[in-house]
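Thanks for making the time. I will walk through one chain, starting with the overall layout and ending with its charged side chains.

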Amino acid sequence: MDELDLTAAESKATYEVIKDYVLEHTGFKVSNLYIAQVKQKCGIIERANYNLPKSENSRQPKCPPEKEMAIKEALEHFHMI
């Protein structure tokens with residue numbers, strides 16, 4: 001096996017790396033929630049969420065369009081979409 005071969009897990013950017021990229025290139029601070037929402041919209045399936053809300057009608061903030069575009073740009077930069 002060649003030393004330069006990457007596994008699937010190694011080729012993915014972590015949430016911290018995505019946050020840093022977005023902050024550096026756009027000046028936006030984005031949350032893990034916003035990154036997860038954009039990944040879900042792009043069809044990137046992650047593991048099941050075990051931290052579910054206790055009430056049925058609890059609301060989560062939605063990612064603003066300008067931050068969504070910045071996160072998509074970061075995902076494209078890291079070849080995740």
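When I say helix, I mean a DSSP run of H or I that is at least four residues long, numbered from the N terminus. By that rule Lys39, a residue I will return to, sits in helix H2. Please keep in mind throughout that this is a predicted model.

First, the layout. The chain has three helices and zero strands, so defined by DSSP runs. Read along the sequence, the pattern is α-α-α. There are 81 residues in the chain, and 23% of them count as buried. For contacts between residues at least 6 apart in sequence, 76% join residues at least 24 apart. One pair separated along the chain is Thr26 and Glu66: they are 40 residues apart, and 9.7 Å lies between their C-alpha atoms. Thr26 belongs to helix H1 and is partly exposed, at 32% relative accessibility.

Now helix H2, which spans residues 32-41. Which of its residues are buried? They are Tyr34, Ile35, Gln37, Val38 and Lys39. The cover over these buried residues includes helix H1, residues 15-26, and helix H3, residues 65-77. Just after H2 comes Gly43, with a positive phi of about 85 degrees.

H2 also matters for the next item, the largest pocket. Rolling a probe the size of a water molecule over the atoms shows where empty space is left. Here the largest pocket has a volume of about 530 Å³. Its lining consists of 17 residues, and those nearest the centre are Ala36, Gln40, Glu46, Arg47 and Asn49. Which element gives the largest share of that lining? It is H2, with six residues. By type, the lining divides into eight nonpolar, six polar and three charged residues.

On to the charged side chains. Side chains of opposite charge can pair when their charged atoms come close. The structure holds four salt bridges, and I will go through three of them, beginning with Glu46 and Lys39.

The side chains of Glu46 and Lys39 meet in a salt bridge, at 2.5 Å from N to O. How exposed or buried are the two partners? Glu46 is partly exposed, with a relative accessible area of 37%. Lys39 has a relative accessible area of 5%, and because buried means under 20%, it counts as buried. Leaving aside neighbours within four places in sequence, the residues in contact with Lys39 are Tyr15, Ile44, Glu46, Leu75 and Met80. So the salt-bridge partner Glu46 appears in that list of contacts too.

The next two salt bridges share Glu68. With Lys41, the closest N and O atoms are 3.1 Å apart. Glu68 lies in helix H3 and Lys41 in helix H2, so this pair ties together parts that are 27 residues apart in sequence. Glu68 counts as buried at 13% relative accessibility, whereas Lys41 counts as exposed at 59%.

Glu68 also forms a salt bridge with Lys72, where the closest N and O atoms are 3.6 Å apart. This one is within a helix: both residues lie in H3, four residues apart, about one turn of the helix. Lys72 is partly exposed, with a relative accessible area of 26%. Taken together, Lys41, Glu68 and Lys72 are linked in a network of salt bridges.

Last, a lysine without such a partner. Lys67 is in helix H3. What is the nearest side chain of opposite charge to Lys67, and how far away is it? It is Glu66, 6.4 Å away. Lys67 is buried yet has no salt bridge; the cut-off for one is a nitrogen of Lys or Arg within 4 Å of a carboxyl oxygen, so a side chain at that distance does not qualify. Neighbours within four places in sequence aside, Lys67 is in contact with Phe28, Lys29, Val30 and Tyr34. Of those contacts, Tyr34 has come up before, as one of the buried residues of H2.

To recap the two buried lysines: Lys39 is paired with Glu46 in a salt bridge, while Lys67 is buried and has none. That is what I have for today.

Methods
Residues are numbered from 1 along each chain as its sequence is written. This is a predicted model: local features need pLDDT of at least 70, side-chain atom pairs count only at pLDDT 80 or more; totals for chains, interfaces and linings use all residues. Side-chain values use heavy atoms; hydrogens and water are left out. Buried means under 20% relative accessible area, exposed over 50%, partly exposed in between (1.4 Å probe, protein chains only). Helices (H or I, at least four residues) and strands (E, at least two) are DSSP runs, numbered from the N terminus. Contact means heavy atoms within 4.5 Å. On a 1 Å grid over the protein atoms alone, a cavity is a set of points where a 1.4 Å probe fits but cannot get out, and a pocket is an open set with protein on both sides within 12 Å along at least five of seven lines; lining residues have an atom within 4 Å of a point. Grid points are joined across faces, edges and corners, and a volume is the space filled by probe spheres set on the points. Ala, Val, Leu, Ile, Met, Phe, Trp, Tyr, Cys and Pro count as nonpolar, Asp, Glu, Lys and Arg as charged, and the others, Gly among them, as polar. Lys and Arg count as positive and Asp and Glu as negative; His and the chain ends are not counted.
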